[in-house]
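Visitor: I would like a close look at one part of this chain, starting from a single residue and working outwards. Could you pick a good starting point and take me through what surrounds it?

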Amino acid sequence: MSTSAAPTDPVTEAVRPEQIKAVPVRHPGRLVAIVVIAFLGVALVNSMASNSRFQWGQVGHFFTSSRVLHGLVVTLELTATSMAIGIVLGVVLAVMRLSPNPIISGASWLYIWFFRGTPLLIQLFWVFFCIPVVLQLPIPPYLSVVIALTLYMGAITSETFRAALKSISSEQHDACIALRLSPQAKVLYVIFPQALLRAIPPLLSNIVSLFKESALISSVGVADLMFVGESISNSTARPLEFLTTVGLIYFMVAFPLTRLVGLVERRFLRRFAY
């Protein structure tokens, strides 16, 4: 038994649209930008490579200098020490800032406002020159730098922790009340661990910023990477080569950390997406 084909509706056949042909959008501006950037990049590289006054061999020599490596170690030590103490100080300031007591909250706000509103270089000079006069005690330059960087990072990280603490949803607080947790247990076991996880990406970004801003400590005579660079460039009369070396070292340390910050931020955004 044969089956007949379904009848074709003449109205449907008449209004059937034609197949759409996708035409890619042209971006002539992008092509022009690529050509201009490529031209400028090639011109810059050719100028630096063919310039007889710029000695690339000196850059390689400076990279392996023991003084340079020691300066890098000092910079990393100062960054790690100041950041570690600054995180603890930042937690204390954040808790004080959220306190219902207006005196405690106001004192924290004043501290944060002062250190976030003044240049780090001024703070370094003030700690290095003024505190020994006020306290009438000699303070080693290394300790002065640690104090200044710690006070600065305490103010920066306090805002990070305050934002993280305020981002905890009200349901978490209600659950703690339902479980009859004490205020100390609520903060220690529920609120603070979640806030710490949320604060990790901006804290990593603060570490990168502190590492780069630590170049300012050369102004008070601490033998960090920048101070060593200035000393060698003055003694060798090769400021261009050595400052290039210092810049490359800062970049080689900061760039992987910056990529790590981006990776951690993407992971945490996916984790805490609502």
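Guide: Let's start at Leu-78, which counts as buried because its relative accessibility is 0%; buried means under 20% relative accessible area, exposed means over 50%, and partly exposed is anything in between, with a 1.4 Å probe and protein chains only. This is a predicted model, in which local features need pLDDT of at least 70 and side-chain atom pairs count only at pLDDT 80 or more, while totals for chains, interfaces and linings use all residues. Residues are numbered from 1 along each chain as its sequence is written, and side-chain values use heavy atoms, with hydrogens and water left out.

Leu-78 sits in helix α4. Helices here are DSSP runs of H or I with at least four residues, strands are runs of E with at least two, and both are numbered from the N terminus. Setting aside neighbours within four places in sequence, Leu-78 is in contact with Tyr-142, Val-145, Val-146, Leu-149, Ile-217 and Val-222, where contact means heavy atoms within 4.5 Å.

Several of those names come back when we step out to the core. The largest nonpolar core has 30 residues, and Leu-78, Val-145, Leu-149, Met-153, Ile-217 and Val-222 have the most contacts inside it. Two or more residues of this core come from each of α4 (66-97), α6 (120-135), α7 (141-166) and α9 (183-213). Helix α7 gives the largest share, 10 residues. A second core lies apart from this one, with 14 residues that include Phe-62, Leu-225, Val-246 and Tyr-250. By a nonpolar core I mean a set of buried Ala, Val, Leu, Ile, Met, Phe, Trp, Tyr and Cys residues joined through side-chain atoms within 4.5 Å.

Met-153 deserves a moment too. Not counting residues up to four places away in sequence, Met-153 touches Ser-82, Met-83, Gly-86, Asn-206 and Leu-210.

Back at our starting point, look across to Ser-214. Leu-78 and Ser-214 are 136 residues apart in sequence, yet 8.0 Å apart in space from C-alpha to C-alpha. Ser-214 belongs to the loop between α9 and α10 (225-236), and with a relative accessible area of 0% it is buried. A polar atom of the Ser-214 side chain lies 2.5 Å from the backbone oxygen of Phe-211. Leaving aside neighbours within four places in sequence, Ser-214 is in contact with Thr-75, Thr-79 and Asp-224.

The loop between α9 and α10 also holds Ser-218. Ser-218 is buried as well, at 10% relative accessible area. Beyond residues up to four places away in sequence, Ser-218 touches Asp-224, Met-226, Phe-227 and Glu-230, so Asp-224 appears among the contacts of both serines.

Now let's follow α7 a little further. Arg-162 and Glu-159 both lie in that helix, 3 residues apart, about one turn. Their side chains meet in a salt bridge at 3.1 Å, N to O; the term covers a side-chain nitrogen of Lys or Arg within 4 Å of a carboxyl oxygen of Asp or Glu. A search of the whole structure finds 1 salt bridge. Glu-159 is partly exposed, with a relative accessible area of 22%.

Just ahead in the chain, Gln-136 is placed in the loop between α6 and α7. Gln-136 is exposed, at 69% relative accessible area. Most residues other than glycine have a negative phi. Gln-136, which is not a glycine, has a positive phi of about 55 degrees.

Helix α9 offers one more link: Ser-205 lies there and counts as partly exposed at 30% relative accessibility. Ser-205 and Val-261 are 56 residues apart in sequence and 6.2 Å apart in space, C-alpha to C-alpha.

Finally, here is the setting for all of this. The chain has 11 helices and 0 strands, and buried residues make up 30% of its 274 residues. Among contacts between residues at least 6 apart in sequence, 77% join residues at least 24 apart. The accessible surface comes to about 17900 Å², with 69% belonging to carbon and sulfur atoms; such areas come from the Shrake-Rupley method with a 1.4 Å probe, and for residues only the protein chains shown count as cover.

Terms used
A polar contact is a pair of N or O atoms within 3.5 Å; within protein, one must be able to donate a hydrogen and the other to accept it, and residues adjacent in sequence count only if both atoms are side-chain atoms.
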